[in-house]
Amino acid sequence: MQIEIRGNHFILLTQRAIFWEETQTLLIGDIHLGKITHFRKEGIAVPPNAIENNFKRLNELVQTTGATRIIFLGDLFHAQYNAEWDLFKTWRTAHHYIEMLIVIGNHDILPVSLFLEADLEVHLNDFEEGDFIFTHHPKVEAISEKFIFAGHVHPIFTTYGKGRQSVRLPCFVIDNHQAIVPSFGVFTGGFQMEVVKDRKIYITTETKVFSVC
């Protein structure tokens, strides 16, 4: 699913990320690496293959888009240091040819030095480029005529069938001044989004992204 914003073209991907064609950049929000390992240490039953799922989809994104840059929109790592950070460092080393930067999110509590050691360009606040602002927390108001890309919310949308059955799916939320990307990570929960004026919602399954309003 391709959309156009400020004369630029963005592809909404089934892996719950956005590809900015003009700059060959992937926009990824809220992976929350480390959360699954943290849960398992606390005795919460989370399948260990969920960790593999995150890296599998990251690899798919890199391979299918040919991205030369990744912007992480915060909450790359969920908790205190654990073994998933080592997995990420190994993955990052394997993709050393890709420029990567992170806008720090509220769950990114690892020392900044660890992000730098992993060859990530770190932005403690917003990152701006051209007509766009990349941030973690969505903005309530527009900023200086720029368009905003944000994460944090983990947006989902509920669809209903004829038999009153329902399903909650991750979604991309596009307002006049801002786009909110779905949470990339597995087991991150979600916040129900509502249909409002001038808002477009695109839900994603494993195989297709499509508009619901």
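Is Thr65 buried or exposed, and what is its relative accessible area? Select Thr65 to begin: this residue is buried, with a relative accessible area of 15%, where buried means under 20%, exposed over 50% and partly exposed in between, for a 1.4 Å probe and protein chains only.

The model is predicted, so local features need pLDDT of at least 70 and side-chain atom pairs count only at pLDDT 80 or more, while totals for chains, interfaces and linings use all residues. Residues are numbered from 1 along each chain as its sequence is written, and side-chain values use heavy atoms, with hydrogens and water left out.

Thr65 lies in helix α2; helices (H or I, at least four residues) and strands (E, at least two) are DSSP runs numbered from the N terminus. Show Leu61 next, whose backbone oxygen is reached by the side chain of Thr65 at 2.6 Å, and then Ala67, whose backbone nitrogen lies 3.2 Å from a polar atom of that Thr65 side chain. Leaving aside residues up to four places away in sequence, Thr65 touches Leu13, Phe19, Gln24 and Leu26, a contact being heavy atoms within 4.5 Å.

Now select Ile28, Ile70, Phe72, Leu76, Trp85, Phe88 and Leu120, which touch the most other members of the 30-residue largest nonpolar core (a set of buried Ala, Val, Leu, Ile, Met, Phe, Trp, Tyr and Cys residues joined through side-chain atoms within 4.5 Å). Among the elements giving two or more residues to this core are β3 (17–20), β5 (69–72) and α3 (83–94), and α2 gives the largest share, 5 residues. Apart from this core lies another, of 22 residues, including Leu12, Ile71, Phe147 and Val209.

Note on methods: Polar contact = N/O pair within 3.5 Å; in protein donor to acceptor, adjacent residues only side chain to side chain.
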